[in-house]
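User: I would like to go through this structure with you and ask, for each label, what justifies it. Please set the values against the definitions as you answer.

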Amino acid sequence: MTFPTIAVVGGTGNLGAAIAWRLARAGYPVIIGSRGAESAEKAAAELGHGLRGATNADAASAAEIVIVTVPFAAQDSTLAGIAPHVVGKLVVDTTVPLVPPKVMRVQLPAEGSAALKAQAVLGEGVTLVSAFHNVAAHKLAKDVDVGCDVLVFGDDKAARGRVVALADAMGLRGLHGGALANSAAAEAMTSILIFLNKTYKVDGAGIRITGDLVPIEE
Ligand SMILES: NC(=O)c1ccc[n+]([C@@H]2O[C@H](COP(=O)([O-])OP(=O)(O)OC[C@H]3O[C@@H](n4cnc5c(N)ncnc54)[C@H](OP(=O)(O)O)[C@@H]3O)[C@@H](O)[C@H]2O)c1
């Protein structure tokens with residue numbers, strides 16, 4: 001098996017660092033991206049497993065698959081910054097459109113979802129998939145069985161399948177969630193999970209699809 005090089009834009013943060021660490025541990029060459037190369041190199045050195053660090057643009061430029069893990073407020077500017085470096089590539093957007101302070105309330109953007117917004121910013125020359133909206137980063141960052149499903153959305157089935165495989169390699173269970181437009185449901189679910197965390201004192205609620213799923217041919 002050949003492992004594509006992965007860039008994690010915003011990989012110095014909670015979710016990005018955890019994803020980068022899990023993928024690197026699974027054997028993928030991973031480059032952590034940051035607004036500052038030094039921050040990226042520092043984070044990469046701390047996480048080990050051969051991780052490298054670079055600016056977001058350099059990381060995106062060097063990778064085949066680019067995972068974007070920045071806050072909603074930084075989504076537009078971050079995507080605009082990497083746009084010239086991701087044409088023809090697979091971009092995985094993890095953005096949940098949380099609008100502080102009311103993060104327990106579903107507040108989807110006018111475009112319908114953060115994923116559709118990302119596709120609009122990057123244009124049709126990029127294959128956009130969204131995923132990882134419902135996984136608690138602090139759990140992902142630990143060497144434990146998170147026991148969580150990852151719904152993966154995108155209009156290109158093969159591209160979705162590549163991201164399902166990444167989730168599986170991270171020790172999660174990736175599941176096809178259908179078209180990119182369906183991403184709104186998982187993005188909205190995060191506000192409900194945050195509400196559940198607070199209401200029931202859960203340490204990072206996640207989702208699990210019940211029933212016996214028959215594996216599909218990827
Ligand atoms: N945390 C979770 O459990 C979780 C779970 C599911 C989905 N998500 C989603 O994943 C995304 C990342 O979440 P996170 O908790 O990892 O975020 P975070 O730690 O707050 O930020 C991630 C990185 O984004 C960059 N960044 C922050 N503010 C920025 C700005 N104004 N402009 C440009 N870059 C900025 C920073 O990197 P540099 O300073 O190095 O550039 C930062 O390390 C969010 O959209 C979130 O909703 C998070």
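User: What makes Ile6, Ala7, Val8 and Val9 of strand E1 buried or exposed, and which way do they point?

Analyst: Ile6 and Val8 point one way from strand E1 (residues 6–9), Ala7 and Val9 point the other way, and all are buried. A residue is called buried if 20 or more other C-beta atoms, placed from the backbone, lie within 10 Å of its own, exposed if 12 or fewer do, and partly exposed in between. This is a predicted model, in which local features need pLDDT of at least 70 and side-chain atom pairs count only at pLDDT 80 or more, whereas totals for chains, interfaces and linings use all residues. Residues are numbered from 1 along each chain as its sequence is written.

User: Why is Ala45 called exposed?

Analyst: Ala45, which is found in helix H2 (residues 37–47), has 12 other C-beta atoms within 10 Å, and therefore it is exposed. From Ala45 to Ser77 the separation is 32 residues in sequence and 26 Å in space, C-alpha to C-alpha.

User: How do you know that E1 pairs with E2 and with E4, and how many bridges are there?

Analyst: Two strands pair if DSSP finds at least two bridges between them, and strands (E, at least two residues) and helices (H or I, at least four) are DSSP runs numbered from the N terminus. Four bridges join E1 to strand E2 (residues 30–34) in parallel, with Ile6 opposite Val30, and four bridges join E1 to strand E4 (residues 65–68), again in parallel. On the E4 side, Val9 stands opposite Val68 and Val8 opposite Ile67. Both counts, four for E2 and four for E4, therefore satisfy the requirement of at least two bridges.

User: Which way do the residues of E4 point, and what is the bridge partner of Ile67 in E5?

Analyst: Ile65 and Ile67 point one way from E4, Val66 and Val68 point the other way, and all are buried. E4 is joined to E5 by four bridges, and the two strands run parallel; in E5, Val92 is the bridge partner of Ile67. Between these strands the chain crosses from E4 through H4 to E5, a β-α-β crossover that is right-handed.

User: What is meant by calling a crossover right-handed?

Analyst: With the strands pointing away from the viewer, the path from the first strand over the helix to the second has to run clockwise. E1, H1 and E2 also make a right-handed β-α-β unit.

User: What is the strand order of the open sheet, and which strands are at its edges?

Analyst: The open sheet has eight strands in the order E3-E2-E1-E4-E5-E6-E7-E8, with mixed pairing. Strand E3 (52–55) and strand E8 (173–178) are the edge strands, since each pairs on one side only, with pairing requiring at least two DSSP bridges. Five bridges join strand E7 (residues 149–154) to E8 in parallel, and Phe153 stands opposite Gly178 in E8.

User: Which residues come nearest the ligand, and how is the shell around it divided by class?

Analyst: Of the 26 residues around the ligand, Gly13, Ser34, Ala74, Val96 and Ala137 come nearest; a residue counts as near if its C-beta atom, placed from the backbone, lies within 6 Å. By class the shell has twelve nonpolar, 13 polar and one charged residues, where Ala, Val, Leu, Ile, Met, Phe, Trp, Tyr, Cys and Pro count as nonpolar, Asp, Glu, Lys and Arg as charged, and the others, Gly among them, as polar. Helix H1 (14–25) and helix H4 (75–82) each supply at least two residues of this shell, and the largest share, three residues, comes from H1.
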